[in-house]
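Hi,

Here is the structure I promised to pass on. Have a look at it first, and then read my notes underneath.

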Amino acid sequence: MTTWSVPGLPDPGRCLVMGVVNVTPDSFSDGGRWFDPDAAVRHGLELVEQGADIVDVGGESTRPGAARVTLEEELTRVEPVIRRLSREGVAVSVDTMRAEVAQVAVEAGARLVNDVSGGLADPEMPRVVAASGVPYVVMHWRGHSHSMDRRAVYGDVVTEVREELAKRVASVLAEGVAEEQIVLDPGLGFSKNPEHNWALLAGIDRLAELGYPLLIGASRKRFLGRLLADPDGTPRPFSRSDDATLAVTALAAHAGAWCVRVHDVRPNADAVRVAAAVQGARS
């Protein structure tokens, strides 16, 4: 089993845990609880205490149907939170599709750029990342939130996601991003229906054959709520799918994921350690 090391980020010899701080009023998962900067910083520090290796700060909701915020609003939301968390020694990631936000975030101390569009939303993003030298998450993406659901059409989802990620990697490399900067994310829930998400989770080994660390973000996503639906078909609320997230974390970590992105950190931090112990017993 390959153990990945990404420059500038923690390397504990196991799958990392990325905790989520949504500095938004309309997040699908937490309803704007951390929209206030002071609350966001406190929450980020709490996630580190609970076992987060990285704290992912985002100022724009990417839930299905979400409208984009302005550049100015996104900067106002994330920059002070990233700066304050970085000063506390936290390994901070910025969750953004905008090159200018990424630039400001790195200057404020962010150590990773997590771009759900894989550089497609802003063609300047790869060049900014290349110049910064920080790691870069290239996610599989087919369009913005308002249109992504109708783009969930695949013949063989694992093969097509793998091929499309490989094309994005080639593109960002051509823009100057270094091989060692790249992390891949299959984009669970982004232009994917539940069957696609399950197939991608089952196909982590095939995605890993691309030769880059994998970030898996399943936490509180719709496909988990649908799996756990009530007998009448009512999906389970996002906040009550954390146990299912925990199961995905354990499976993904055991399959060789570099990092999992989650909302409820403490139990997921336990799960990656269990997976590491099982892997260690096999070696």
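Below is what I found, going from the whole chain to one strand and then to the cysteines.

A word on the ground rules: this is a predicted model, so local features need pLDDT of at least 70 and side-chain atom pairs count only at pLDDT 80 or more, while totals for chains, interfaces and linings use all residues. Residues are numbered from 1 along each chain as its sequence is written, and side-chain values use heavy atoms, with hydrogens and water left out.

The whole chain

There are ten helices and eight strands in the chain; these are DSSP runs (helices H or I, at least four residues; strands E, at least two), numbered from the N terminus. The C-alpha atoms fit a box of roughly 45 × 40 × 40 Å along the principal axes. The radius of gyration is 17 Å, which agrees with the value near 19 Å for a compact globule of 283 residues (taken over C-alpha atoms; the rule is 2.2 Å times the number of residues to the power 0.38). Of the 283 residues, 53% are buried, meaning under 20% relative accessible area (exposed is over 50%, partly exposed in between; 1.4 Å probe, protein chains only). Among contacts (heavy atoms within 4.5 Å) with a separation of 6 or more, 68% are between residues 24 or more positions apart.

Strand S5

S5 (residues 136–139) is covered on both faces: Tyr-136 and Val-138 are buried on one side, Val-137 and Met-139 on the other. S5 runs parallel to S4 (residues 112–115), with three bridges between them; strands pair if DSSP finds at least two bridges. Val-137 is the bridge partner of Asn-114. Between S4 and S5 the chain passes through helix H4 (residues 125–132), in a right-handed β-α-β crossover (clockwise from the first strand over the helix to the second, with the strands pointing away from the viewer). S5 also runs parallel to S6 (residues 182–185), joined by four bridges, and there Tyr-136 has Ile-182 as its bridge partner.

The cysteines

How many disulfides does a search of the whole structure find? Zero, with the cut-off for a pair of cysteine sulfur atoms set within 2.5 Å. For Cys-15, the nearest cysteine sulfur is that of Cys-259, 6.0 Å away. Why no bond for Cys-259? Because its sulfur is 6.0 Å from the closest cysteine sulfur, in Cys-15, which is too far. Cys-15 counts as buried at 7% relative accessibility, and Cys-259 is buried at 0%.

Cheers
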